[in-house]
Amino acid sequence: MPTTTINKPEIRARKMKFNFSDIKNANYWGGNAIVSSYFAAMSATFPPGEKEFIESVRLFQDRINDPHLKKEIKEFIGQEGQHSHQHRKINEAFAEQGWDTERIEGKLRNKIANLNRVLSDESRLARTVCFEHITAIMSEFILENQEVLDDLPESLKSLFLWHTVEEIEHKSVAFDVYETLVGDRNHLRRHMALVTIDFSITMLYYQVLAHIWARSLPSWSDLKGAWKFFFGKKGMISNMRQPYLNFYRKDFHPWEVDNSDLIAAWKASKYADMEISKTTSKETHSDAANDNKGGLAAAS
Ligand SMILES: [Fe+2]
Ligand SMILES: [Fe+2]
């Protein structure tokens with residue numbers, strides 16, 4: 001199996017500008033209540049979850065000497081911080097539509113605090129490595145099958161594309177920190193098995209709670225649509241199976257799959273223009289153009 005680290009792209013924390021006012025309905029994902037509640041619940045987990053990812057890497061940060069990895073850690077922290085910032089905003093938009101993201105966030109915050117009382121630093125880092133792999137392969141699926149985002153409000157589609165791209169950019173950071181300072185693959189594999197069970201059960205639990213709190217009863221067609229979305233031939237979970245299993249190989253490295261082309265495609269798309277520096281320079285540009293027009297009109 002290939003283990004060469006190839007064509008690793010540069011990691012950069014970007015500040016983005018999204019306007020979530022186009023989320024006007026609880027079943028924002030193509031009218032499907034189950035797919036919508038799944039991603040609302042997942043979004044609710046990001047602020048506390050990503051905070052833990054940052055903290056667990058920070059526990060080891062000072063012992064990293066490689067200047068390149070040090071820089072990558074800094075950008076990883078910056079990216080995860082921005083993700084939480086944007087997800088907090090979208091969580092408010094979801095809450096306005098009835099999904100109680102704040103309560104889910106609170107539940108996960110408590111759970112992480114309880115876990116951290118008993119877990120070693122190495123186990124906290126291992127869990128982060130595992131979650132980073134799950135988010136990276138989920139991101140890969142979304143970026144390779146962007147038609148799954150077609151039914152979404154534009155702001156949400158833009159958010160997902162940006163977040164997934166940055167998850168791929170930084171997919172090896174926690175892994176490389178673990179490899180450098182811990183390196184025990186058996187420990188990592190055990191945690192992946194535990195994290196997978198934990199993640200699946202917790203997400204299902206949060207999703208059921210979200211439906212109960214929202215008094216939302218999924219229909220038969222929601223169930224059929226969600227089954228197809230997750231477990232169908234082109235479904236998200238069905239297609240994550242092999243990339244997930246690759247993690248258990250002895251020589252696995254996140255960049256053995258070079259998907260920097262997905263990042264390059266996003267950078268060339270209109271969605272990358274939502275970065276604040278670009279938006280601002282464009283606005284300044286168009287303001288200047290309008291000023292100019294006004295000036296010309298007044299002169300004529
Ligand atoms: Fe993230
Ligand atoms: Fe991440």
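Which loop holds Arg 215? Arg 215 sits between helix H7 (185-214) and helix H8 (220-231). This is a predicted model, and the backbone at Arg 215 stands out. Its phi is positive, about 50°, although the residue is not a glycine. Is Arg 215 buried or exposed? Arg 215 counts as exposed, because it has 7 C-beta neighbours inside 10 Å and the cut-off for exposed is 12 or fewer.

**Helix H1**

Helix H1 covers residues 33-61, 29 residues in total. From first C-alpha to last, H1 reaches 41 Å. That is close to the 42 Å expected at 1.5 Å a residue. H1 also has a kink of about 45° at Phe 46. The proline Pro 47 follows shortly after that point.

**Confidence**

The protein chain averages a pLDDT of 91. A score of at least 70 is reached by 90% of the residues. Two stretches score below 50, and their contacts beyond sequence neighbours are listed here.

| Stretch | pLDDT | Contacts in the model |
|---|---|---|
| residues 1-5 | below 50 | 8, beyond near neighbours in sequence |
| residues 283-300 | under 50 | 0, beyond four places in sequence |

**Domains**

The domain assignment gives domain 1 as 23-257 and domain 2 as 269-300. How many Å separate the C-alpha centres of domain 1 and domain 2? The two centres lie 36 Å apart. Domain 2 runs to residue 300, and pLDDT stays under 50 over residues 283-300.

Key: Residues are numbered from 1 along each chain as its sequence is written. Chains are lettered from A and ligands numbered from 1 in the order in which they are written. This is a predicted model: local features need pLDDT of at least 70, side-chain atom pairs count only at pLDDT 80 or more; totals for chains, interfaces and linings use all residues. pLDDT is the predictor's confidence in each residue, from 0 to 100. Two residues are in contact if their C-beta atoms, placed from the backbone, lie within 7 Å. Domain bounds come from an automatic or database domain assignment. Helices (H or I, at least four residues) and strands (E, at least two) are DSSP runs, numbered from the N terminus. A residue is buried if 20 or more other C-beta atoms lie within 10 Å of its own, exposed if 12 or fewer, and partly exposed in between; C-beta atoms are placed from the backbone. The expected span of a helix is 1.5 Å times one less than its number of residues. The bend at a residue is the angle between axes fitted to the seven residues ending there and the seven starting there.
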